[in-house]
Amino acid sequence: MKKGTLLYEGKAKQLFETDDPEVIWVEYLNQATALNGAKKDQISGKGELNNQITGLIFNFLKSKNIKNHFIKQLSETEQLIQAVDIIPLEVVVRNVAAGSFSKRLAIPEGVQLNKPIVEFYYKNDELDDPMIVDDHILFLELATTEEIKQLRQMALEVDQALIELFNSMDITLIDFKLEFGRKKDGTILLADEVSPDTCRLWDKKTKEHLDKDIYRRDLGDIIPVYQEVLNRLEKRGE
């Protein structure tokens, strides 16, 4: 497998074509962003941590029969993924009140929700990724009614699997963001990444953040925190 032309560069990853049109070469970057890119820094070591964490989590999700685009890890910062057409929606699942949910509804952070809440956001930086409802998704022709139902169901299945995974690591899964993509035949796969960049994680005993809120809220250095998540993942797999 050979790395080809750069196809896309995002906030945290570069995507390259390969000699197989169905396979994409991904390189994770050391860039950290928050507030829709308003805050941005280069943080040495971040890319390799998110790449390795994502690979381990995607393999775990595959073991739970959750279809995703991950193929294999190539190096500390690189992996191969199935080529998909990303659906321009961010699917957020919330188990505990935190972040924008707490601000929007005046609910203190840390309040346990009586059931997971699924939210959809329009993936559009110029519009600051606004929250939208099913009728908006249909009007914008981002997904069909059946696909919306499937995205919601898949997100809840991921939630249950990740709760199991993180509970075994003494971590509480507060909330997280997912992205999905379509294969050429229309099959929907979980895509992008699952990492402390996309999940809000709290240590069960200390309630300390093990996620990007450390960076968002200027609470310290994210590298030791992300390393702790990777260490717990690797220890669990031993």
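Start at the boundary between the two domains, where 17 residue pairs are in polar contact between domain 1 and domain 2, both residues of each pair being at pLDDT 80 or more. Keep in mind throughout that this is a predicted model.

**The domain boundary**

Stay on the domain 1 side of this boundary. Strand 4 (31–34), strand 5 and helix 1 are the elements that give two or more residues to the side touching domain 2. Helix 1 gives the largest share of that side, eight residues.

Now colour the chain by domain: select 3–82 for domain 1 and 85–221 for domain 2. The centres of domain 1 and domain 2, taken over C-alpha atoms, are separated by 18 Å. Show the contacting residues on both sides, and you should have 27 from domain 1 and 26 from domain 2. With a surface switched on, the area buried between domain 1 and domain 2 comes to about 2,300 Å², and carbon and sulfur atoms give 58% of this area.

Next, look for charged pairs. Seven salt bridges are found across the interface of domain 1 and domain 2. Select K13 and E193 to see a salt bridge in which the closest N and O atoms are 2.6 Å apart.

**K39 in strand 5**

Select residues 39–42, which make up strand 5, and pick out K39. Is K39 buried or exposed? Its relative accessibility is 17%, and because the cut-off for buried is under 20%, K39 counts as buried.

Where does the side chain of K39 go? Draw a distance to the backbone oxygen of Y215, and the side chain of K39 reaches that oxygen at 2.5 Å. A second distance, to the side chain of D218, shows a polar contact with K39, also listed at 2.5 Å. K39 and Y215 lie 176 residues apart in sequence, while their C-alpha atoms are 9.4 Å apart in space.

Expand the selection around K39. Leaving out residues up to four places away in sequence, K39 touches A32, T33 and A34, together with Y215, R216 and D218.

**Helix 1 and N51**

Move to helix 1. From its first C-alpha to its last, this 18-residue helix reaches 26 Å, close to the 26 Å expected at 1.5 Å a residue. Helix 1 is largely enclosed by the rest of the structure, because 13 of its 18 residues are buried.

Within helix 1 (residues 46–63), select N51. With a relative accessibility of 0%, N51 counts as buried. What does the side chain of N51 reach? The partner is the backbone oxygen of E76, at 2.8 Å. The residues that N51 touches, not counting those up to four places away in sequence, are Y28, Q73, S75, E76, T77, E78 and Q79.

Then step past the end of the helix to N65. This residue follows helix 1 and has a positive phi, near 65 degrees.

**Helix 4**

Finish in helix 4, residues 145–167. Place a distance between its end C-alpha atoms: they are 33 Å apart, which agrees with the 33 Å that 23 residues should span at 1.5 Å a residue.

To see which residues of helix 4 are buried, select E147, I148, L151, M154, A155, V158, D159, A161, L162, L165 and F166. Show them as sticks on the helix; E147 and D159 are among the buried residues.

Terms used: Residues numbered from 1 in each chain as written. Predicted model: local features only at pLDDT ≥ 70, side-chain atom pairs only at ≥ 80, totals over all residues. Heavy atoms only, no water. Helix = DSSP H or I, 4+ residues; strand = E, 2+ residues; numbered from the N terminus. Expected span 1.5 Å × (residues − 1). Buried < 20%, exposed > 50% of the residue type's maximum accessible area, 1.4 Å probe, protein only. Contact = heavy atoms within 4.5 Å. Polar contact = N/O pair within 3.5 Å; in protein donor to acceptor, adjacent residues only side chain to side chain. Domains from an automatic or database assignment. Buried area = accessible area lost by both parts, 1.4 Å probe. Salt bridge = Lys/Arg side-chain N within 4 Å of Asp/Glu carboxyl O.
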